[in-house]
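Subject: Handing over a structure, with notes

Dear colleague,

I am passing a structure on to you, and my notes on its ring pairs, charges over rings and disulfide bonding follow below. Please have the sequence and the model open while you read.

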Amino acid sequence: QVQLVESGGGSVQAGGSLTLSCVVEGTILSLNDMGWYRQPPGEPRELVAGITKDGRTNYEQPVQGRFTISRDNTKHMVFLHMSSLRPEDTAVYYCNADVQTTGPRRFWWGQGTQVTVSP
């Protein structure tokens, strides 16, 4: 079994910064693509940024130039550094990972961490 554990959320004023962390725990044979999604209040979940196993990144337009995704393969972790935060970045942020375990390869989700940006 695999578990994704996020941390680093909180409340910050507009213009501030936060760094989210996510560790993948369990029996991991291969850790592939990883990413961060978010779900604003009353909205569907949306992709924020993704990173491949070899470090290639992609970002959705609203966060380009402000957010940076990175990973540490030795620690099975992915990070999202968020700067120049805006009130519209307020959402629950979820970590996602494509994991090969002893069972079928599949995507796993974290429990979510709240990020609140005040004007």
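Over the ring of which residue does the charged end of arginine 106 sit? The ring belongs to tryptophan 108, and the charged end of arginine 106 sits 3.7 Å from its centre; a charge is taken to sit over a ring if NZ of Lys or CZ of Arg is within 6 Å of the ring centre and within 35 degrees of the ring normal. Arginine 45, in turn, lies over the face of tryptophan 109, at 4.6 Å from the ring centre.

Before going further, please note that this is a predicted model, in which local features need pLDDT of at least 70 and side-chain atom pairs count only at pLDDT 80 or more, while totals for chains, interfaces and linings use all residues. Residues are numbered from 1 along each chain as its sequence is written, and side-chain values use heavy atoms, with hydrogens and water left out.

Tryptophan 109 also takes part in ring pairing, and a search of the whole structure finds two aromatic pairs (rings of Phe, Tyr and Trp, the last by its six-membered ring, pair if their centres lie within 6.5 Å; planes under 30 degrees apart count as stacked, over 60 as edge-to-face and the rest as tilted). The rings of tyrosine 37 and tryptophan 109 have planes at 70 degrees and centres 4.9 Å apart, so this pair is edge-to-face. It joins distant parts of the chain, with tyrosine 37 in strand 4 (residues 30-39) and tryptophan 109 in strand 10 (residues 106-109), 72 residues apart; strands (E, at least two residues) are DSSP runs, numbered from the N terminus. Tyrosine 94 and tryptophan 109 form an edge-to-face pair as well, with 6.4 Å from centre to centre and 85 degrees between the planes. Through these ring pairs, Tyr37, Tyr94 and Trp109 are linked into a cluster.

As for accessibility (buried means under 20% relative accessible area, exposed over 50%, partly exposed in between, with a 1.4 Å probe and protein chains only), tyrosine 94 is buried at 12%, whereas tyrosine 37 is partly exposed at 24% and tryptophan 109 is partly exposed at 38%.

Finally, the search of the whole structure finds one disulfide, a term used for a pair of cysteine sulfur atoms within 2.5 Å. Cysteine 22 and cysteine 95 form this disulfide, with their sulfur atoms 2.2 Å apart, and both cysteine 22 and cysteine 95 are buried. The torsion about their S-S bond is about -80 degrees, so the disulfide is left-handed.

With best wishes

Definitions and conventions
Helices (H or I, at least four residues) and strands (E, at least two) are DSSP runs, numbered from the N terminus.
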